[in-house]
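These are my notebook entries on strands, sheets and helices. I looked up each item in turn and wrote down what I found.

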Amino acid sequence: MFNNAGIMHPKDDDALSTEESVWDLTMDINVKGVWYGCKYAIIAMRKNGGGSVINTASFVAMMGAATPQLAYTASKGAVLAMTRELAMVHARENIRFNSLCPGPIRTPLLMDFLNTTEKKERRLVHVPQGRFGEAIEQAYGALFLASNESSYVTGTDFRVDGGLCSAYVTPEGKPNGPINEFIEYLNAEGIYLPEDGQPIAASIEEIDSDEEITEFNDDIEGSTNKLPNFPEVEQAIKEAIYEFEGAVFPKLNWTSPRDAAWISATQTLKCTSPFDVFLLLKSSDFINHDLNHAYENCVDAEEKKSDHEKSRFNLVLRKWYDLQPSMEFRCFVKDQEIIGITQRDLNHYPFLIDEKSNIEQSIYQFFEDVIRDEFESINYVFDVYIQRNRNKVYLVDFNPFSPSTDAILYDWNELISFDLDTIEPEIRLVESQQEANILSCNAPKFATNMIPKDVIDLSSGKSIAEFAEEFERAMRHAEEGYSSTSDEEE
């Protein structure tokens, strides 16, 4: 039996300010409700030869707080006392009673109450682990108390509070230290990836047979103490993947790591483990841009510089859907009017030609009904997905109205100079297989992310033959330089 219902009334205050009705309501739910739950659990458990009752109390029942919530605190203290006595009375009947005492938990209710960075950090400075607990962590505590693994545990105040009730002072540093360390990890040189929850570094070692083998080695000189370890982040990723039925795709504050999709086994952003998420984030220039250069193209870049230094980064994991690429569209908005629509995938889909007017009408209707009067900006780009069988439009993302956003079948010069008074907006599609073939002859998207920069520098403006000759010459020079250095060392 898990007695987990309770309230903290918004008008709950100190002894002088709390109204009697607030006190009575809090006691009725938080204390009398638990008493009723225990009473009827005892009757049922006697018939079955025993059982476990878990009553949710709180860390505030064990320590004073300068922020008054007297009715709540008193009610949770009553739950502790009641649980201890029930445990003693019914111990010989094999009916166990324990109190679960959560610390501050990241719930929508608490996050709405602590709705500023300052309010959150004011609380977190008292938590040794420097973070809010997660609901799943309380569930694990309750699961233990309910299971046979805790068969010799009764009458306890089981705390799941990040060390809060044991603290005199907490470790120095920012409360969100693990998150800062994760950001530093993303910015660091080299790729470190988790294996069974523990990140390891990849290295290439030479062996006597003059062959090279790639090994994952955690015994590299000095690496043992430097290996990143983010159990909280990895656990949060695992829980999100479980919640979203086995697959997610990642996004930082502004950008997803689309430029790194080529490195994943599926050639997509589909992630089924922390390994997949870490690999994409570490391989992406887009993520580096979010972390270090997000405001550089803003007109007030210098003013934004300090804002960026204070930025709080969020890793967003969304549920993965297998979408039809043919039904994804990008829409350009200028002065709160759509000035162009383009398909996002550059393959030829003959059916789109026949559906062109319906697609255009659906997008315009969606824009008028959902976006136009609700979105603050007047110039922006938004992406949509249309569910073909229901002709339903879904908003996928917003992007800045600037060359940093891929114009696809448009050109940014024409978009910036577009005049609605003289030009009619249109939807652009890949009209033929021949056009698709021409487009596919271009370098693949984000090709520069797959090739070392030195190679790109060498290839600039050269034919294939010229590039091959230049590359061979560069390699020869590099070898000569290596030999010369070796001779000097000898």
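Which strands does helix α11 lie across, and at about what angle does α11 run to β12? I note beforehand that the model is a predicted one. I found that α11, residues 350-371, lies across β10 (328-334), β11, β12 (380-387), β13 and β14. The angle at which α11 runs to β12 is about 120 degrees.

**Entry: the sheet beneath α11**

I then looked up the sheet itself. It is open, has five strands in the order β13-β12-β10-β11-β14, and shows mixed pairing. At its edges I found β13 (392-400) and β14 (426-428), each of which pairs on one side only. On average, and with direction ignored, neighbouring strands here are turned by 25 degrees against each other.

I also examined how β14 is held to its neighbour. Strand β11, residues 337-343, runs parallel to β14, and three bridges join the two. For Gly-340, I recorded Glu-426 in β14 as the bridge partner.

**Entry: the sheet of four strands**

Next I turned to an open sheet of four strands, which has parallel pairing and the order β1-β2-β3-β4. Its edge strands are β1 (2-3) and β4 (157-160), and each of these pairs on one side only. I looked up the pair formed by β3 (residues 95-102) and β4, and counted four bridges in the parallel sense. Opposite Ser-99 stands Asp-157 of β4.

Two helices pack on this sheet. Helix α1 (residues 20-48) touches β1, β2 (51-56) and β3, and its direction makes about 175 degrees with that of β2. Helix α2 (residues 70-89) touches β2, β3 and β4, and its direction makes about 155 degrees with that of β3.

**Entry: α1 against α2**

How do the axes of α1 and α2 cross, and within what distance do they come? I found that the axes come within 8 Å and cross at roughly 20 degrees. Angles under 35 degrees count as roughly parallel, and therefore α1 is roughly parallel to α2. The crossing of α1 past α2 is right-handed.

I then listed the residues that make the contact. On α1 they include Trp-23, Met-27, Val-31, Trp-35 and Ile-42. On α2 they include Leu-70, Tyr-72, Lys-76, Val-79 and Leu-86. Sorted by class, the contact of α1 with α2 has 15 nonpolar, three polar and one charged residues.

Notes. Residues numbered from 1 in each chain as written. Predicted model: local features only at pLDDT ≥ 70, side-chain atom pairs only at ≥ 80, totals over all residues. Heavy atoms only, no water. Pairing = 2+ DSSP bridges. Contact = heavy atoms within 4.5 Å. Axes fitted to C-alpha atoms, helices over the stretch in contact; angles between N-to-C directions. Parallel < 35°, antiparallel > 145°, perpendicular 65-115°, else oblique. Left-handed = near helix turned anticlockwise from the far one by under 90°. Nonpolar A, V, L, I, M, F, W, Y, C, P; charged D, E, K, R; others polar.
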